[in-house]
Amino acid sequence: MGDWTEVADGVHHKRYNPLDVSIVVIEGEFGVLAVDTRSSPREADELIADISARFDKPIRWVVNTHAHYDHTFGNQRFGPFGLDVDVYGHRNIRRHFAQFEAPRLAAARRDPSREPGGQDWSEVTLTPPTHEVAERTTLNIGDRKVDLIPLRPGHTDTDLVLLVRDANTWVLGDIIEESGPPMYGSGSFPLGWPGVLEQLLEQMRPGDRMIPGHGQVVDRSFVVRQTAQLKLVADGIRDAHARGLSPDEALWERDDWPFPVDGVFWAFDRGLRQLDAPTEAR
Ligand SMILES: [Zn+2]
C-alpha cells in the first residue's frame, strides 16, 4: 500500500499489506539496510524487487525487529540460501522460533484452516538471524551508524529496536503499534512491556521520529500515551492476581480498557500465568 516515504534523510518507510506491516530501508554509502522481511518467501521476493527498483544500491544488511512471522518468514530469501547478506536479530529469536513459530507452522501445514488469514507458508523455511544480538551494538553501514538495541521481554522476548543516530529516527517493531492496538500475541510479556518502553523513553527526545511495526510514523508523545495504556493493563493484571480474580472476572469489572477486550483478555491470561509461575510461562 502506498509508496516509500522518506521519513528522515536516507530513512525510508513503506507499509505493506497484508497486515500493514512496516518495512524500513536505511541508506548507507554503498548499500542499504532493510528492516524486517514480511510473511513468506513470496512476499520477500516482492520486497526485494521493490527495493531494487527504488534504490540503486544493493541490500547489504537485514535486521529483524522480533520473531513474529510477519517480520521474519521472508528471512530465507536474505540469509545464506538467498542473497546471503548479514541478518541481525535478538539472540532469543532461535529459541522463540522453536517454541512458538515452528509448532504454529507445523500445525498450519497439517490443517491450513487453522490460519484464517490464508497464510502462504508452504515454502517457508524458518531462518534465524545469522548474527545474534545480545547487547547494544553499533552497525556501521558505510558512512553512518545504526544502533541495534535488544530489549528485555515485552511484546515478545525477541524485541530489538534500531536507532539511526544521524537521523534521530527509531525503528520500534511491535513494541508500539499505530494502525491497530498493541498485540499481546505468542510469547508476550504484558507485565514487563511498559517498563521496557519507560526505559527507552528516557533516551527518546522530543522531535525524534518513531516508526512502529504497523502504521504511520509517530512521535515521542504517542509513545508516552501508549506506554501509559500498556501500564494500565499491567496494573490491572497485578490487581486481579492480588484479589484472586480470573481474566473474565477482572475484565468485566470495567468497560474503559484502552484496547479491545479480546486482546486484553490474552494479556490477562498470560500475565496471570506469569505471576503464578514466573519461570514456567515463558
Ligand atoms: Zn509482533
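## The zinc site

Along the chain, the donors of the zinc ion are spaced as H-x1-H-x86-H-x18-D. In this predicted model, those protein donors are H66 through NE2, H68 through ND1, H155 through NE2 and D174 through OD, and they lie 2.2 to 2.3 Å from the zinc ion. Don't expect a neat tetrahedron here: the angles among the four donor atoms run from 88 to 167 degrees, and the site is irregular. A tetrahedral label would need all angles between 85 and 135 degrees.

H66 and D174 link distant parts of the chain, being 108 residues apart. H66 comes from the loop between strand 5 (59-63) and helix 2 (69-72), while D174 comes from the loop between strand 11 (169-173) and helix 4 (193-201). Both H66 and D174 are buried.

## Strand 11 and its partners

Strand 11 ends just where the loop carrying D174 begins, and it's worth a look in its own right. Five of its five residues are buried, so strand 11 is largely enclosed by the rest of the structure. Its side chains split two ways: T169, V171 and G173 point in one direction, W170 and L172 in the other, and all are buried.

Which way do the partners of strand 11 run, parallel or antiparallel? Strand 10 (residues 160-164) runs antiparallel to strand 11, with three bridges between them, and L162 has V171 as its bridge partner. These two strands make a hairpin with four residues in between, where N168 in the turn has a positive phi of about 50 degrees. Strand 12 (residues 209-212), by contrast, runs parallel to strand 11 and is joined to it by four bridges; one of the pairings puts G173 with P212.

## The seven-stranded sheet

Now for strands 1 to 7. They form an open sheet in the order 1-2-3-4-5-6-7, with mixed pairing. Strand 1 and strand 7 (131-133) sit at the edges with a single partner strand each, so one side of each has no neighbour in the sheet. From one strand to the next, the twist averages 25 degrees.

At the strand 1 end, strands 1 and 2 run antiparallel and are joined by three bridges. T5 is paired with H13 of strand 2 in one of these contacts.

## Aromatic contacts

The structure has nine aromatic pairs. One of them is W4 with Y16, an edge-to-face arrangement at 6.4 Å centre to centre with 75 degrees between the planes. W4 lies in the segment before strand 1 (5-8) and Y16 in strand 2 (residues 11-16), so this pair ties together parts 12 residues apart in sequence. W4 counts as buried at 10% relative accessibility, and so does Y16 at 4%.

Another edge-to-face pair is W257 with F268, at 5.4 Å centre to centre and again 75 degrees between the planes. W257 is in the loop between helix 6 (247-251) and helix 7 (261-276), whereas F268 is in helix 7 itself, so parts 11 residues apart in sequence are tied together. W257 counts as buried with 12% relative accessibility, and F268 counts as buried with 0%.

## Charges over rings

W4 and Y16 also belong to one aromatic cluster with F55. The ring of F55 has the charged end of R54 sitting over it, 4.9 Å from the ring centre.

W257 has a charged visitor too: the charged end of R254 sits over its ring, 4.9 Å from the centre.

Definitions and conventions. Residues are numbered from 1 along each chain as its sequence is written. This is a predicted model: local features need pLDDT of at least 70, side-chain atom pairs count only at pLDDT 80 or more; totals for chains, interfaces and linings use all residues. Side-chain values use heavy atoms; hydrogens and water are left out. Donors are N, O and S atoms within 2.8 Å of the metal (3.2 Å for Na, K and Ca); water is not among the atoms, so sites may look incomplete. Four donors count as tetrahedral if all angles lie between 85 and 135 degrees; four count as square planar and six as octahedral if opposite donors are over 155 degrees apart and all others between 65 and 115; anything else is irregular. Buried means under 20% relative accessible area, exposed over 50%, partly exposed in between (1.4 Å probe, protein chains only). Rings of Phe, Tyr and Trp (its six-membered ring) pair if their centres lie within 6.5 Å; planes under 30 degrees apart count as stacked, over 60 as edge-to-face and the rest as tilted. A charge sits over a ring if NZ of Lys or CZ of Arg is within 6 Å of the ring centre and within 35 degrees of the ring normal. Two strands pair if DSSP finds at least two bridges between them. Axes are lines fitted to C-alpha atoms, for helices over the stretch in contact, and angles run from 0 to 180 degrees between N-to-C directions.
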